[in-house]
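Open the model in your viewer and keep the selection tool at hand. The stops below say what to select next and what is there.

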Amino acid sequence: MSTFFSTASTPDRVSNHHIASWRVRAPWVAAIAFALVPVVFTAGASAAAQLSGASEAGAALTLAAGAAVSAILGLVVMRLSPPRVRDYGFRRPRQARAALWFVPAAATVLIILRAQGIRVDAPTIAAYGVLVAAVALNEETWFRGIVFAILRARSTRSAVVGSSVLFGVLHLANLAGGADVGSSILQVAFAALFGLVAAQLLVLTGSLWPAIAWHAAWNFVSFIGGDATDSRSLIGLGAACVVMVGYAALLGRRTPSRPDGAATTDAPALP
């Protein structure tokens with residue numbers, strides 16, 4: 001480890017919070033390597049579910065188990081790394097008012113729920129509840145936690161953009177699960193947009209919890225709606241994306257970053 005990671009790492013002061021900045025000698029290589037960890041666990045759990053011939057609910061629980069193990073591993077990595085675990089974002093969010101009290105994020109979830117409705121049975125809904133909690137914790141721990149901290153040693157902007165791009169591109173792994181190319185490309189674009197807003201929320205609030213909650217809620221309404229692709233569902237997805245683009249623009253104005261990685265703290269006051 002000593003040949004790859006630097007021996008010192010001090011969180012920088014951003015938006016009145018310490019946010020983890022983990023200096024390594026090859027940050028992009030390290031970021032990609034760590035980003036692959038949750039992908040590998042998800043692929044392994046998916047393969048196990050398919051080989052076992054599990055029901056929809058059983059497959060969801062198998063995937064949840066894989067995600068939970070991956071999340072625990074991520075937390076261990078955080079604990080052993082130079083920054084403190086709380087500086088990765090495991091603490092109470094602040095500046096909720098500057099983030100519009102997270103109303104736009106909640107609105108995207110309600111839009112999808114309204115567009116798709118509920119199309120699975122009660123046992124499957126319960127299994128999906130377990131799955132989305134595990135997946136949200138897992139992916140936010142690795143992407144907005146560890147990967148973000150590594151890239152933030154270069155600059156906050158690099159961390160926001162880089163972690164979002166990696167999050168989007170690695171969703172191409174869905175092709176291995178049988179997804180068609182068109183829907184996979186759309187998911188990559190959407191995941192990158194989601195990752196952008198989630199990373200901005202981390203910078204603004206100093207916490208991973210808003211992104212974890214939003215991530216879990218979004219996946220939950222998508223799953224219980226059967227991941228529908230009918231015209232009404234696509235219109236709902238488009239509307240949610242419009243809200244997200246607007247939210248990203250607003251958050252970007254409130255969390256400007258300097259080239260050295262520090263962010264200004266004087267976010268514009270809300271009307």
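Select the whole protein chain and colour it by burial: 49% of its 271 residues count as buried. This is a predicted model.

Now switch to a cartoon view. The protein chain has 8 helices and 2 strands. Going from the N terminus, the elements come in the order β-β-α-α-α-α-α-α-α-α.

**Stop 1: the nonpolar cores**

Which residues touch the most other members of the largest nonpolar core? Select Trp-22, Phe-34, Ile-146, Phe-148, Ile-150 and Trp-214, which hold that place in a core of 56 residues. Helices 1 to 8 each supply at least two residues of this core. Helix 6 gives the largest share, 11 residues. Another core, of 11 residues, lies apart from this one. To find this other core, select Ala-64, Ala-67, Val-120 and Ala-134, which are among its members. As background, nonpolar side chains tend to be buried together in soluble globular proteins.

**Stop 2: aromatic rings**

The structure holds 8 aromatic pairs. Start with Trp-22 and Phe-34, whose rings form a tilted pair, 5.8 Å from centre to centre and with 35° between the planes. Trp-22 is in the loop between strand 2 (17-19) and helix 1, while Phe-34 is in helix 1, so the pair links parts of the chain that are 12 residues apart. Are these two residues buried or exposed? Both Trp-22 and Phe-34 are buried.

Next select Phe-143, Phe-167, Phe-194 and Trp-214 together. Ring pairs link these four residues into a cluster.

**Stop 3: Arg-144**

Keep Phe-167 on screen and add Arg-144. The charged end of Arg-144 sits over the ring of Phe-167, at 4.3 Å from the ring centre. Arg-144 is in helix 4. With a relative accessible area of 0%, Arg-144 counts as buried because it falls under the 20% cut-off. Now show Leu-202 and draw a distance between the two C-alpha atoms. Arg-144 and Leu-202 are 58 residues apart in sequence, and their C-alpha atoms are 7.5 Å apart in space.

**Stop 4: the largest pocket**

Turn on a surface and look for the largest pocket, which has a volume of about 2000 Å³. Which residues lie nearest its centre? Select His-171, Asn-174, Gln-187, Phe-223 and Asp-227, the ones nearest the centre among the 50 residues of the lining. The lining divides into 30 nonpolar, 17 polar and 3 charged residues.

To see where the lining comes from, colour these helices one by one. At least two lining residues come from each of helix 1 (27-52), helix 2 (56-80), helix 3 (103-116), helix 4 (122-152), helix 6 (181-205), helix 7 (209-224) and helix 8 (231-254).

**Stop 5: two residues with positive phi**

Go to the loop between helix 2 and helix 3, where Leu-100 is found. Trp-101 has its place in the loop between helix 2 and helix 3 as well. Most residues other than glycine have a negative phi. Leu-100 has a phi near 55°, a positive value in a residue other than glycine. Trp-101 also has a positive phi, near 55°. Are these residues buried or exposed? Leu-100 is partly exposed, with a relative accessible area of 27%. Trp-101 has a relative accessible area of 55% and is exposed, because the cut-off for that class is over 50%.

**Stop 6: two more distances**

Select Arg-119, in the loop between helix 3 and helix 4. Its relative accessible area is 46%, so Arg-119 is partly exposed. Add Gly-226 and draw the distance between the C-alpha atoms. Arg-119 and Gly-226 are 107 residues apart along the chain, yet their C-alpha atoms are separated by 5.8 Å.

Finish with Ser-183, which lies in helix 6. Ser-183 has 34% relative accessibility and counts as partly exposed. Add Leu-172, which is 11 residues from Ser-183 along the chain. The C-alpha atoms of Ser-183 and Leu-172 are separated by 9.9 Å.

Notes. Residues are numbered from 1 along each chain as its sequence is written. This is a predicted model: local features need pLDDT of at least 70, side-chain atom pairs count only at pLDDT 80 or more; totals for chains, interfaces and linings use all residues. Side-chain values use heavy atoms; hydrogens and water are left out. On a 1 Å grid over the protein atoms alone, a cavity is a set of points where a 1.4 Å probe fits but cannot get out, and a pocket is an open set with protein on both sides within 12 Å along at least five of seven lines; lining residues have an atom within 4 Å of a point. Grid points are joined across faces, edges and corners, and a volume is the space filled by probe spheres set on the points. Helices (H or I, at least four residues) and strands (E, at least two) are DSSP runs, numbered from the N terminus. Ala, Val, Leu, Ile, Met, Phe, Trp, Tyr, Cys and Pro count as nonpolar, Asp, Glu, Lys and Arg as charged, and the others, Gly among them, as polar. A nonpolar core is a set of buried Ala, Val, Leu, Ile, Met, Phe, Trp, Tyr and Cys residues joined through side-chain atoms within 4.5 Å. Buried means under 20% relative accessible area, exposed over 50%, partly exposed in between (1.4 Å probe, protein chains only). Rings of Phe, Tyr and Trp (its six-membered ring) pair if their centres lie within 6.5 Å; planes under 30 degrees apart count as stacked, over 60 as edge-to-face and the rest as tilted. A charge sits over a ring if NZ of Lys or CZ of Arg is within 6 Å of the ring centre and within 35 degrees of the ring normal.
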